[in-house]
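User: Please take a close look at one helix pair in this model and at the surroundings of that pair. I would like a connected account of the packing, the adjoining loops and the nonpolar core.

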Amino acid sequence: MLMIQDTAQLRALIRQWRQAGERIAFVPTMGNLHQGHLQLVDTAKQHADRVIVSIFVNPMQFGANEDLDKYPRTLDQDCQGLTEHGADAVFTPTPAMIYPRGLDVQTFVEVPLLGDYHCGASRAGHFRGVSTIVTKLFNLVQPDIACFGQKDYQQLAIIRQMVADLSMPIEIIGVPTIRAEDGLALSSRNGYLTAEQRATAPALYRTLQWMKQQLNQGFSDLRALEQQAKEQLAAAGFKADYINISNRQTLVPATDKTAAVVILAAAALGNTRLIDNIEV
């Protein structure tokens with residue numbers, strides 16, 4: 001597996017692959033890779049001749065009081081996993097390379113409406129940071145396809161809309177959430193949990209499953225169901241940020257007339273913020 005940090009080296013590699021007529025798949029990550037990330041690589045390999053992964057902890061998507069400084073950085077371990085799963089190259093730029101003029105004067109990309117709810121409502125500027133870095137990486141890598149996890153449901157919807165709106169010739173593939181045996185969605189932030197919190201954490205997904213069951217049985221007061229779910233999580237020790245039953249396409253609040261919905265949730269255990277979702 002090739003290790004690339006310089007953008008000129010990256011462009012030369014992409015040009016070489018293009019001249020050989022090879023199809024390129026891209027997996028952008030922030031590192032601290034787990035089996036969910038590696039599943040993205042496996043999926044990418046099924047759709048392309050070459051797979052390139054980026055590892056970049058993007059400062060633009062972190063708020064002032066969030067965990068940028070302590071976000072786990074495990075490059076050697078990450079590269080071992082990527083090599084085992086057959087990635088062709090890993091791109092590891094520095095913040096100075098990506099944002100040479102600094103964040104305050106950086107041109108940004110922002111997708112309206114889809115980012116207004118859920119995580120966008122509680123993490124100001126987060127999705128602006130996500131859409132900006134993904135656009136920059138897309139311009140550098142110029143992939144045919146890119147793979148993203150469905151655990152970050154809102155992020156996936158925003159990237160799909162951004163690609164459509166900006167006429168980017170990239171196919172976006174959503175990859176199902178990988179879970180531990182007890183149902184907890186795999187996440188780099190799970191490593192922050194204490195042993196006691198880790199034992200509690202699967203209650204988030206169990207609550208979503210219970211909500212889905214209620215909806216499938218005809219429960220129609222969606223706001224009341226959201227409130228009941230928040231109370232369940234509070235009783236389990238969570239502090240819920242949101243639990244929203246939403247339209248699967250627009251992500252706006254669903255009504256009892258909405259045919260296809262997704263339940264989106266974010267909740268904290270101690271200082272660790274967990275997100276999850278389930279389609280109904």
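Analyst: The account below goes from the helix pair to the loops that follow each helix and then to the core.

The model is predicted. The pair consists of helix α6, residues 126-141, and helix α7, residues 153-165. Their axes come within 11 Å and cross at roughly 50°. An angle of that size is neither roughly parallel, which would need a value under 35 degrees, nor roughly perpendicular, which would need 65 to 115; the two helices are therefore oblique to each other. The crossing of α6 past α7 is right-handed.

From α6, the residues that meet α7 are Phe127, Val130, Ser131, Val134, Thr135 and Phe138. On the α7 side, the partners are Gln154, Gln155, Ile158, Ile159, Met162 and Val163. Sorted by class, this contact holds 8 nonpolar and 4 polar residues, with no charged residue.

The loops after the two helices each hold a residue with an uncommon backbone angle. Most residues other than glycine have a negative phi. Gln142, which is not a glycine, has a positive phi of about 50°. Gln142 lies in the loop between α6 and β5, the strand at 145-149. With a relative accessible area of 43%, Gln142 is partly exposed. Ser167 likewise has a positive phi, near 55°, in a residue other than glycine. Its place is the loop between α7 and β6, the strand at 171-175. Ser167 has a relative accessible area of 61% and is therefore exposed, the cut-off for that class being over 50%.

The helix pair also takes part in the nonpolar core. In soluble globular proteins, nonpolar side chains tend to be buried together. The largest nonpolar core here has 43 residues, and those touching the most other members are Leu10, Ile52, Val134, Phe138, Phe148, Ile159 and Ile172. Among these, Val134 and Phe138 of α6 and Ile159 of α7 also belong to the contact between the helices. The elements giving two or more residues to this core are α1 (7-19), β2 (24-29), β4 (89-91), α6, β5, α7 and β8 (261-269). The largest share comes from α6, with 8 residues.

Leu10 links this core to the end of α6 in sequence terms: leaving aside residues up to four places away, Leu10 touches Ile4, Ile52, Phe91, Leu140 and Val141. A second core, separate from this one, has 24 residues, including Ala201, Ala203, Met211 and Ile278.

Technical notes. Residues numbered from 1 in each chain as written. Predicted model: local features only at pLDDT ≥ 70, side-chain atom pairs only at ≥ 80, totals over all residues. Heavy atoms only, no water. Axes fitted to C-alpha atoms, helices over the stretch in contact; angles between N-to-C directions. Helix = DSSP H or I, 4+ residues; strand = E, 2+ residues; numbered from the N terminus. Parallel < 35°, antiparallel > 145°, perpendicular 65-115°, else oblique. Left-handed = near helix turned anticlockwise from the far one by under 90°. Contact = heavy atoms within 4.5 Å. Nonpolar A, V, L, I, M, F, W, Y, C, P; charged D, E, K, R; others polar. Buried < 20%, exposed > 50% of the residue type's maximum accessible area, 1.4 Å probe, protein only. Core = buried A, V, L, I, M, F, W, Y, C linked by side-chain atoms within 4.5 Å.
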